[in-house]
Every structure is written in structure tokens, then in C-alpha cells.
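Here are my notes on the structure, set out as numbered points for reading alongside the coordinates.

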Amino acid sequence: LSRVPFLGFLLWLKPHGLDRLFDLIAPPAARQYNKFVHDSVTSRIALHREQEKNPEESRRQDMFYFLAEARDPKTGTLVYDENDLRAESNLLLIAGSDTTAISLSGIFFYLTSDPIRLNKLVKEIRTTFQSLDDIVYGQKLRSCTYLRACIDGGGRRTPSGPCELPREVLAGGIQMKGGFYPAGTIVGTAPWTNNHNAEVYGDPYVFCPERWIVDEAAGVTQESVVQARAAFHPFLSGPGNCVGQNLAIAEIQITIARTLYQLDVRRAPGSTLGGGSPKLGWGKADPNQLQLVDAYVSLRQGPEVQFRRRRIEA
């Protein structure tokens with residue numbers, strides 16, 4: 001509060017007319033979204049109250065349930081009131097939506113550019129799971145090492161946030177890469193640059209899931225994998241990292257596994273949507289590189305892909 005003198009006053013204004021003002025001047029799409037969130041949470045609160053007298057195992061135990069039931073360990077009182085629950089629910093609905101979609105776009109762009117690796121991933125998924133219902137978050141899904149390697153490979157080439165996120169140097173300053181930065185200095189590193197560091201990845205513009213899996217015979221050593229992971233921070237690192245990173249990875253794993261278990265996928269014939277082109281100029285000429293635009297999160301187009309239900313042999 002001391003850094004933002006009017007923050008306390010603004011927080012007081014929110015329920016006293018400011019929220020209503022924002023709603024009036026918001027674009028129609030934003031108002032529609034706000035109404036959707038409000039109505040959804042209202043319905044979920046009603047269901048929670050309706051089930052309060054039911055045995056715990058018969059109640060709907062989703063994320064909202066655990067938020068609504070969270071209690072202070074010292075006092076036993078509920079942690080969140082209704083306004084808090086609405087705010088947390090809004091965050092859960094939007095958190096990771098764009099970033100997860102960006103990651104999935106990149107993964108499918110590079111997989112559909114590489115039929116050999118796509119088929120390798122499809123084989124792993126279809127031999128690991130016996131049915132679609134078998135694909136749930138757990139040890140079996142986590143055992144799909146090539147799936148995780150494809151996710152990391154696509155994420156490295158397609159960072160959800162390509163630019164540097166600012167961090168303020170704390171009291172005492174910090175020594176970094178031979179230079180001293182005093183307290184108050186704003187610093188940051190760009191994920192796009194880190195992810196394409198040739199000193200770390202050797203061939204940084206190649207989609208190569210195998211670089212994440214130790215295979216001495218193929219020349220992928222434990223040291224090289226450790227080095228690759230040390231430079232790869234898709235969810236940032238330290239106290240400011242993404243609190244939902246495990247949920248995001250689980251979402252991506254389940255989405256890809258369930259999709260490729262039941263569907264065949266290919267790039268739409270003749271489609272170049274999303275890729276580079278010599279017409280786009282310097283740095284954008286590679287058709288096998290998904291083009292990203294930095295707008296805090298990555299903006300992109302494509303890929304344009306086609307799906308069909310897999311053919312199961314008798």
C-alpha cells in the first residue's frame with residue numbers, strides 16, 4: 001500500500017460504485033464474460049449450500065469446494081467469504097487459458113511439421129493407455145516421457161510470454177554476469193532469447209524432443225539434459241513463479257494424450273498458416289517456425305490442422 005498511495009481508497013471504491021462504472025464502460029464481450037462468471041459462481045455457491053448436509057464423499061469436490069471449505073488452522077473460521085470466492089473463481093477461470101492455448105498451438109505446429117516424431121508420440125500414447133477413460137492425471141500419464149519431452153520441446157520454441165518480465169533488485173544489490181546492479185534496478189530476462197541460446201541448445205531452432213531424454217547412445221547425456229532444463233523456465237522461477245504450473249502441465253498432458261488417443265491429426269494440406277515466409281522479411285522467413293508477436297503474452301496464428309477419428313484395427 002505504501003508504494004501505491006491511493007490503492008486503499010480504490011479498493012474501498014470497488015464495491016461502492018467503481019465496479020459498476022467499469023461494467024458500464026466495458027466492451028460488450030467483457031460484460032458478457034463478467035455475467036457468465038457471476039452467474040456460474042452464483043449457481044455453484046447455491047449447489048455448495050444445498051449439499052452442505054450431505055456426506056462429504058457425496059458432495060461435488062471440485063476446486064471451488066476446497067476453496068469454500070478452507071479454514072484458518074488457528075481459529076477454524078472460513079478463510080473466504082462470498083466476495084473472495086467470486087474473485088478466486090474468476091482467477092481460476094482465466095488463469096492459464098491463453099498461455100495454455102499458446103503452448104498447445106506450438107506443440108501441434110511442430111508435431112504436424114514432423115510426422116516421424118508425431119507418430120512416435122502417438123505410439124507412446126496408444127500403447128500406454130487402454131481406453132480414453134484411462135487417460136487421467138496420475139502415474140501412468142506422468143510415465144509418458146516422450147509426451148513430456150514434446151511439451152517441453154514445443155514450449156521452448158513457443159514461450160507463452162516471449163519478453164522479459166521486470167523484477168526489482170532488492171536491498172544490497174545483486175551481482176550478475178560480471179556486473180553489479182544496485183537496489184531498485186529493474187532487471188529481466190527474455191524467455192525467447194533464453195530458449196534459443198545456441199550455447200545451451202546447440203541447434204536451438206530445431207524441434208527436438210529427444211534433447212530432453214537421456215540417451216547416451218544417441219549422444220544425449222545427463223549433463224546436456226541438466227543444462228537444457230537449467231536454462232528452461234516456462235513458468236519463471238523463484239518466488240514470482242507461476243503458482244499454477246503443475247495444473248497447466250496436467251491440462252496440456254491430458255489434452256494432448258486424449259486428443260491423439262482418439263484422433264489422427266495432420267497439417268491441413270497446403271496450409272502455411274502460422275509459419276514464416278520470405279515475404280515477411282528478415283527473421284521471419286522460416287516456414288517451419290511458428291511466428292510469435294510479443295503482446296505480453298504471445299500472439300500467433302495457426303496452425304491449421306485436420307483431425308479424423310482413428311481407425312482401430314480388429
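1. D203 is partly exposed, with a relative accessible area of 35%, and in this predicted model its side chain meets that of R211 in a salt bridge with an N to O distance of 3.1 Å. R211, by contrast, is buried, at a relative accessible area of 11%, a value that falls under the 20% cut-off for that class.

2. The pair of D203 and R211 belongs to a wider set, since a search of the whole structure finds 16 salt bridges. Another of them joins D62 to R44, with the closest N and O atoms 2.9 Å apart. Because D62 sits in the loop between α3 (28-50) and α4 (63-69) while R44 belongs to helix α3, this contact ties together parts that are 18 residues apart in sequence. R44 is buried, with a relative accessible area of 9%, whereas D62, at 21% relative accessibility, counts as partly exposed; the reader may wish to note that the boundary for buried residues is drawn at 20%.

3. Helix α3 also contributes R49, which forms a salt bridge with E82, the closest N and O atoms being 3.3 Å apart. E82 lies in helix α5 (residues 82-94) and R49 in helix α3, so the pair ties together parts that are 33 residues apart in sequence. Here R49 is exposed, with a relative accessible area of 52%, and E82 is partly exposed, at 33%.

4. Which residues are linked in a network of salt bridges? The network is made up of D114, R117, K120 and E210, and I would suggest viewing these four side chains together.

5. A nonpolar patch on the surface is formed by F6, L7, F9, L10, L11 and W12, which together have about 640 Å² of accessible area. One of its members, L11, is found in helix α1 (residues 7-13) and is partly exposed, with a relative accessible area of 48%.

6. On helix packing, helix α9 (residues 145-157) and helix α13 (residues 245-262) pack at an angle of about 115°, and their axes are 11 Å apart. The two helices, α9 and α13, are therefore roughly perpendicular to each other, and α9 passes α13 in a right-handed crossing.

7. Some backbone geometry deserves a careful look, given that most residues other than glycine have a negative phi and most peptide bonds are trans. K177 has a positive phi of about 45° although it is not a glycine; this residue is placed in the loop between β2 (174-176) and β3 (179-181), and is exposed, with a relative accessible area of 89%. Y296 likewise is not a glycine and has a positive phi, of about 75°. The loop that holds Y296 runs between β6 (293-295) and β7, and Y296 counts as exposed at 58% relative accessibility.

8. A cis peptide bond joins G302 and P303, with omega at about 5°. P303 is found in the loop between β7 (297-299) and β8 (305-309).

9. As for the overall frame, the protein chain has 13 helices and eight strands, and its C-alpha atoms fill a box of roughly 65 × 60 × 45 Å, taken along the principal axes. Of the 314 residues of the chain, 31% count as buried, and R44 and R211 are among the buried residues.

How values were computed
Residues numbered from 1 in each chain as written. Predicted model: local features only at pLDDT ≥ 70, side-chain atom pairs only at ≥ 80, totals over all residues. Heavy atoms only, no water. Helix = DSSP H or I, 4+ residues; strand = E, 2+ residues; numbered from the N terminus. Buried < 20%, exposed > 50% of the residue type's maximum accessible area, 1.4 Å probe, protein only. Patch = residues over 30% accessible without salt bridge, like charges linked within 9 Å, V, L, I, M, F, W, Y side chains within 5 Å. Areas by Shrake-Rupley, 256 points an atom, 1.4 Å probe, with all protein chains shown as cover. Axes fitted to C-alpha atoms, helices over the stretch in contact; angles between N-to-C directions. Parallel < 35°, antiparallel > 145°, perpendicular 65-115°, else oblique. Left-handed = near helix turned anticlockwise from the far one by under 90°.
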